[in-house]
Amino acid sequence: MTTWTRDEAPHDITRTPWVPRILRFPGEGDEGRHQTARVTADGASWLTSATGSREAALTRWESRPSSPAALPCGTVFDVVNVDPVFGRRMLDRLWEEGPGSGPVAVHRGRMMLFAAPGTAQRLPALLDWEDWGDSVPRPLCHGVGDAVTVPPLVPSGGEGPRWLVAPDTRSPWLPGPQVLLWACVRAARAASAADVRVSIFPPADPDANVYDVSRRR
């Protein structure tokens, strides 16, 4: 059973969630033409605030805008790193039925969902408690003491990390552990339902005698 707090219930958000206007996944077009793939000045300021030395980090990054950056987790954001197929299902649930998502990136065949600080510690425990937890591909959660590689300020068009939903404000809304738990459970249920095949015939009895009636006259 999943519980919700007032601030995290998908249909009872006390502040406006940050929902992307346009979504393009890799391979679906030129990312550089879409706002969601580009980091704005405010978004870059928010990201570099995680370093504790925003101005210096921002100056270094702006001098090499096509290069990724390594940023620490745990104070400004945590990152939940998931299988890309399952992550796509999570995003579908978050945007179609829930409050939306925060920034999202892909790197080395994984999807990185930026989350509220503290999520990395709480989400695994919530998944262990949730009945559907065994059906969820185990996420890698990055929090205090961890660092992640984030995509460059300007899309490079290479094979490196890229933004699916880039930060564009100094205070992006970030999902907490219970919102992401909800998305994980809904994604697992959707995957389970897709695997169900309904038949009008009962299952075969392995001990039953089978006769060839095709030779009957």
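The expected span of a helix is 1.5 Å times one less than its number of residues. Keep that rule handy for the third stop of this tour. One thing before you start clicking: this is a predicted model.

**Stop 1: the whole chain**

Show everything as a cartoon. You should be able to pick out five helices and seven strands. Follow the chain from its start and the pattern reads α-α-β-β-α-β-β-α-β-β-β-α. Of the 217 residues, 45% count as buried. Now switch on the surface: the protein exposes about 12200 Å², with carbon and sulfur atoms supplying 49% of it. As for contacts between residues with a separation of 6 or more, 79% of them link residues 24 or more positions apart.

**Stop 2: helix H1**

Select residues 41-48, which make up helix H1. Why is H1 largely enclosed by the rest of the structure? Because six of its eight residues are buried. To see them, colour Gly 43, Ala 44, Ser 45, Trp 46, Leu 47 and Thr 48. Then bring back what lies over them: the cover includes helix H2 (54-63), strand E1, strand E4 (110-115) and strand E7.

**Stop 3: helix H3**

Next, pick residues 84-96, helix H3. Its 13 residues reach 18 Å from the first C-alpha to the last, close to the 18 Å expected at 1.5 Å a residue. Zoom in on the start of H3, where a side-chain oxygen of Asp 83 comes to within 3.1 Å of the backbone nitrogen of Val 85. Now colour the buried residues of H3: Phe 86, Gly 87, Met 90, Leu 91, Arg 93, Leu 94 and Trp 95. Here's a handy bit of background for looking at them. An α-helix has 3.6 residues a turn, so residues three or four places apart point the same way.

**Stop 4: the five-stranded sheet**

Time for some strands. Look for an open sheet with the order E5-E2-E4-E3-E7 and antiparallel pairing. Its edge strands are E5 (140-142) and E7 (162-165), each pairing on one side only. On average, neighbouring strands here are turned by 25 degrees against each other, direction ignored. Zoom in on E3 (residues 104-107) and E7, which pair in the antiparallel sense over three bridges. Which residue of E7 is the bridge partner of Ala 105? Click on Trp 163.

**Stop 5: His 107**

Stay in strand E3 and select His 107. Buried or exposed? His 107 counts as buried, because its relative accessibility is 18% and the cut-off for buried is under 20%. Leaving out residues up to four places away in sequence, His 107 touches Met 112, Thr 149, Gly 160 and Pro 161. Try the distance tool too: His 107 and Val 150 are 43 residues apart in sequence, yet 8.2 Å apart in space, C-alpha to C-alpha.

**Stop 6: strands E1 and E6**

Strand E1 (residues 69-72) and strand E6 (residues 147-150) pair in the antiparallel sense over four bridges. One pair to click is Ala 70 and its bridge partner in E6, Thr 149. Show the side chains of E1 and watch them alternate: Ala 69 and Leu 71 point to one face and are buried, while Ala 70 and Pro 72 point to the other and are not.

**Stop 7: Thr 119**

Finish in helix H4 (residues 119-129) by selecting Thr 119. Thr 119 is buried, with a relative accessible area of 0%. Apart from neighbours within four places in sequence, Thr 119 is in contact with several residues, including Asp 78, Val 80, Pro 175 and Leu 180.

Terms used:
Residues are numbered from 1 along each chain as its sequence is written. This is a predicted model: local features need pLDDT of at least 70, side-chain atom pairs count only at pLDDT 80 or more; totals for chains, interfaces and linings use all residues. Side-chain values use heavy atoms; hydrogens and water are left out. Two strands pair if DSSP finds at least two bridges between them. Helices (H or I, at least four residues) and strands (E, at least two) are DSSP runs, numbered from the N terminus. Axes are lines fitted to C-alpha atoms, for helices over the stretch in contact, and angles run from 0 to 180 degrees between N-to-C directions. Buried means under 20% relative accessible area, exposed over 50%, partly exposed in between (1.4 Å probe, protein chains only). A polar contact is a pair of N or O atoms within 3.5 Å; within protein, one must be able to donate a hydrogen and the other to accept it, and residues adjacent in sequence count only if both atoms are side-chain atoms. Contact means heavy atoms within 4.5 Å. Accessible areas come from the Shrake-Rupley method with a 1.4 Å probe; for residues, only the protein chains shown count as cover.
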